[in-house]
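Visitor: I am new to this structure and would love a short tour. Could you walk me through it?

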Amino acid sequence: MKKQTQVRLEEDVLEAGKAAARARRLDFNKYVERLIIEDTTGARAAGMTAAQRLIDEHGDFLDDLEDQLDAPYADPQAGAAA
């Protein structure tokens, strides 16, 4: 059985939360529920640790890959008058 609660948020925080929920295709209540579960079970911390490990181990490769993918779109005359 679910319990109902009331939370007071600043308007900009509420709008940001609603936008984040929509981006994840969740209703706002489910989004808040997930945030609480992720925070209290350690799931969020574990995910952040894994992401940091990926960056630490493969960051140089990812930076190089990004540069290669951006290269075709680089302006060869950057700063030159048109």
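Visitor: Which residues make the nonpolar surface patch of about 470 Å²?
Guide: Welcome! Keep in mind that this is a predicted model. Patch members need over 30% relative accessible area and no salt bridge, and nonpolar side chains are joined within 5 Å. The patch of about 470 Å² is made by Leu54, Phe61, Leu62, Leu65 and Leu69.

Visitor: Is Phe61 buried or exposed?
Guide: Let us place Phe61 before judging it: this residue sits in helix H3, which covers residues 43-70. The relative accessible area of Phe61 is 54%. Exposed means over 50%, so with 54% Phe61 counts as exposed.

Visitor: How far apart are the end C-alpha atoms of helix H2?
Guide: Helix H2 runs over residues 28-41, which makes 14 residues. At 1.5 Å a residue, H2 should span 20 Å. The computed distance agrees with that expectation, as the end C-alpha atoms are 20 Å apart.

Visitor: What is found at the two ends of H2, and which residue follows the helix?
Guide: At the start of H2, a side-chain oxygen of Asp27 comes to within 3.0 Å of the backbone nitrogen of Asn29. At the other end, H2 is followed by a residue with a positive phi, near 90°. That residue is Gly42.

Visitor: Where is Arg25, and is it buried or exposed?
Guide: Arg25 belongs to the loop between helix H1 (11-23) and H2. Its C-alpha atom is separated by 17 Å from that of Ile36, 11 residues apart along the chain. The relative accessible area of Arg25 is 80%, and the cut-off for exposed is over 50%, so Arg25 is exposed.

Visitor: Which residue meets Glu33 in a salt bridge at 3.2 Å?
Guide: This pair links distant parts of the chain, 31 residues apart, with Glu33 in helix H2 and its partner in the segment before H1. Glu33 is partly exposed at 29% relative accessible area, while the partner is exposed at 67%. The N to O distance is 3.2 Å, and the partner is Lys2.

Visitor: Which residues do salt bridges join into one network?
Guide: The count comes to 2 salt bridges. Besides the bridge to Lys2, Glu33 forms one with Lys30, the closest N and O atoms being 3.7 Å apart. Glu33 and Lys30 both lie in H2, 3 residues apart, or about one turn of the helix. Sharing partners, the salt bridges join into one network Lys2, Lys30 and Glu33.

How values were computed. Residues are numbered from 1 along each chain as its sequence is written. This is a predicted model: local features need pLDDT of at least 70, side-chain atom pairs count only at pLDDT 80 or more; totals for chains, interfaces and linings use all residues. Side-chain values use heavy atoms; hydrogens and water are left out. Patches are made of residues with over 30% relative accessible area and no salt bridge: like charges are joined within 9 Å, nonpolar side chains (Val, Leu, Ile, Met, Phe, Trp, Tyr) within 5 Å. Accessible areas come from the Shrake-Rupley method with a 1.4 Å probe; for residues, only the protein chains shown count as cover. A salt bridge is a side-chain nitrogen of Lys or Arg within 4 Å of a carboxyl oxygen of Asp or Glu. Helices (H or I, at least four residues) and strands (E, at least two) are DSSP runs, numbered from the N terminus. Buried means under 20% relative accessible area, exposed over 50%, partly exposed in between (1.4 Å probe, protein chains only). The expected span of a helix is 1.5 Å times one less than its number of residues. A polar contact is a pair of N or O atoms within 3.5 Å; within protein, one must be able to donate a hydrogen and the other to accept it, and residues adjacent in sequence count only if both atoms are side-chain atoms.
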